[in-house]
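Let's take a friendly walk along the backbone and stop at a few spots that deserve a second look. Have the structure open as you read.

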There are 2 protein chains.
Amino acid sequence: MLQSKLLVKTSKTPPKDEISLNAKLLIRAGFVDKLMAGVYSLTPLGFRVFKKIENIIRQEMNKIHGQELLLPSLHPQKNWEKTGRWKQMDDLFKIPLNERKNFALGPTHEEVITPLAQKFISSYKDLPQYVYQFQNKFRLEKRAKSGLLRCLEFVMKDLYSFHATQKSLDQFYEQVKKAYQNIFTRCGLGDITYLTYASGGTFSKYSHEFQTLTQSGEDHIYLCPECQIAINQEIIKEQKKSCPQCQNSQLEKKKAVEVGNIFKLGTRFSQAFGLRFSAKDGRIKPVIMGCYGIGLQRVMGAVVETQNDSRGIIWPEEIAPFKVHIIQLEDKDQNVKEQARTLYDLTKKEKIPTLLDDRKDKKPGEKFADADLFGIPLRVVVSQNTSRQKKYELKHRNKEKKILLSQQQLLKIIKR
Amino acid sequence: MLQSKLLVKTSKTPPKDEISLNAKLLIRAGFVDKLMAGVYSLTPLGFRVFKKIENIIRQEMNKIHGQELLLPSLHPQKNWEKTGRWKQMDDLFKIPLNERKNFALGPTHEEVITPLAQKFISSYKDLPQYVYQFQNKFRLEKRAKSGLLRCLEFVMKDLYSFHATQKSLDQFYEQVKKAYQNIFTRCGLGDITYLTYASGGTFSKYSHEFQTLTQSGEDHIYLCPECQIAINQEIIKEQKKSCPQCQNSQLEKKKAVEVGNIFKLGTRFSQAFGLRFSAKDGRIKPVIMGCYGIGLQRVMGAVVETQNDSRGIIWPEEIAPFKVHIIQLEDKDQNVKEQARTLYDLTKKEKIPTLLDDRKDKKPGEKFADADLFGIPLRVVVSQNTSRQKKYELKHRNKEKKILLSQQQLLKIIKR
């Protein structure tokens, strides 16, 4: 894409009404725009990152045989009354229509997927089932001040599983754990994201969160360095401050943000909606369920929060908006222009997402500053100097070294 | 995909609470599920169709250089007050928070995109810009009884364009017209969808709708057989009942449903939000805007409404949930099973979306009935009879003839 055509522009000064680093950087770089507290638009730049995160999640969900669907945001009040959550959930958005009828804006979708599944599942032969969606979620946060880490509206990937036996749920739950680890690794959060034991509710001792270490996180977790797992503060007392896997009590307290969570729901929702099946032995039983969520904006925010330097964002390659950022300097020099355009056309042919900074009215310093702020992994400078030598200057966003390369050498690296 | 693993099942009886044909067929076939009046879930089957429509639209929007983004559904009341539409729009969903602050649920996004654009556009050099999204829209319909043709919540592709001159808008408007014609043709609605003159508002004499002929439509249009265009009833009087292109007055009145519309907004919204730019001559002017919408569920509903027979849906190939439906009969015959599976594996290798009906407890009649209801373009039967002859029986959903083919002959047709 040509940068001269891009809707967004960077800003030199951080927004005054943001205190979180992720929002400051993302707004300055033009990836998101704040509509109001906790509600952000994704600009064409930010949307590219968002879509890459979405595609990674989709691929990993499809690998474990998830079937994608789409459930509405508007829910009837009666579904939420059936589960008791119309009154229980403080952060439920309620839309009044009249005395008898109100809507909820879905903060999660158990109240919709369970009655839907109930129409199609009646026998053990219909089980297991795994369905997921990417859909907006709404939560009435009172104090949204963490940028993309805590939004009133955000897109969640929510997966729901339906099982005939506890064993079937347990097996699938382990598969999701691995899929989630793949997702966070591919999003560049693998090293700092910990499988974290959290409270489980009636149907299992624990649920599990995926917590990414960051000072800006609102959660406190206790790391076990031996097992590479963590324990959420909410259960650390009942855990007697020791690791549930190795009983190690030398735990490290850290701040973190929850980027995903997986939960064995058991029969809480199937019983509320009468989702039953006839088992092999002929008995009628409630279906056993699990739910598994990842907030996409939160993943994006967590990446920015943890991968940056004083100059801007450093996107991990798989979710970067572009792989290559060509900086064309001296726009009046025909050779420079042609050399930059040749490389741009070659990346296009190879289907390597590339941004060409072809802006005419910008000084080299401004172009470099914008490139650092954008955080695209590979920066390639084309100037009179490089052009004279028939070379390109390559710099990785996360390294300081600049190297001069021939077109062939450069393409080899870019195509990797 | 294996049909035995599919979440959904067909139903023999149409839903009692639906009067529209599209909802009856889509619910019976298991493509959608009704959550409440005007609010539908897309099941994994329906979602496949939806995603294909989305991808067609995305491709055509990218061809005309649209930049995809994502705007929130929750809008601050003040933005809607700025344009006067907080009070004007009867079908606006309002969420009360407190006396000073309320939210609207976006029925359209001019109130969000205009102030966003205002942050980045300041000079004629920043123009034109074209941005679009796929996002949920909410409209408080009082009587939703047309199935997917009129929903309280639906996904819309909305494109917004920003221009320095009227000429630039006019040129882009014509490009969108062509893009829309491509979209409706690819969705299988080309022959019955008419570019329709409708009222334009302050800034241009006309807007244009894309109207698909169907008895279930709520609009009335007047066709000009000469020009292959139509006039919406709302302006037929001021048009003096004649075609705006050829002045022909022999028009045919028809019922239709609006599947898309394009509108020259002029400066209505840029003036409300102070979206101005400095022109080449140095003068400060308001940006000229256009907006262009397509409702995805409505396209899906219009296709079903117009392309069906007494046995079920007949999907146009480009938006069918699968291209091929293999019906494996006599599941105890190992040869039949193997032959069906061989074909299934071959289609997988060729990346041809295929559904294999491998269900064990279904009679041939049930399998054929489900196949007709699903409406997948190519049905391939594998039975003891075909297996003995080492052939496959092919039938197009929209033809009656069945033909026996060798694997090679069949693959040639499937790959087309």
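## An exposed lysine in chain B

B:K390 counts as exposed, because it has 11 C-beta neighbours inside 10 Å, and a residue is called exposed when that number is 12 or fewer. Keep in mind that this is a predicted model.

Where should you look for B:K390? Find the loop of chain B that runs between α11 (384-388) and β22 (392-396). The backbone has something to show here too: phi of B:K390 is near 55°, which is a positive value in a residue other than glycine.

## A glutamine with positive phi

Now move to B:Q247, which sits in the loop between β12 (229-232) and β13 (252-266) of chain B. Its phi is near 65°, again a positive value in a residue that is not glycine.

Is B:Q247 buried or exposed? There are 11 C-beta neighbours inside 10 Å of B:Q247, so this residue counts as exposed.

## Cis peptide bonds before proline

Next, turn to chain A and the peptide bond that leads from A:L127 to A:P128. This bond is cis, with omega near -5°. The proline, A:P128, belongs to the loop between α5 (110-120) and β7 (129-138) of chain A.

What form does the peptide bond from B:L127 to B:P128 take? It is cis, and omega is near -5°. To find B:P128, look in chain B at the loop between α5 (110-120) and β7 (129-138).

Technical notes:
Residues are numbered from 1 along each chain as its sequence is written. Chains are lettered from A and ligands numbered from 1 in the order in which they are written. This is a predicted model: local features need pLDDT of at least 70, side-chain atom pairs count only at pLDDT 80 or more; totals for chains, interfaces and linings use all residues. Helices (H or I, at least four residues) and strands (E, at least two) are DSSP runs, numbered from the N terminus. A residue is buried if 20 or more other C-beta atoms lie within 10 Å of its own, exposed if 12 or fewer, and partly exposed in between; C-beta atoms are placed from the backbone.
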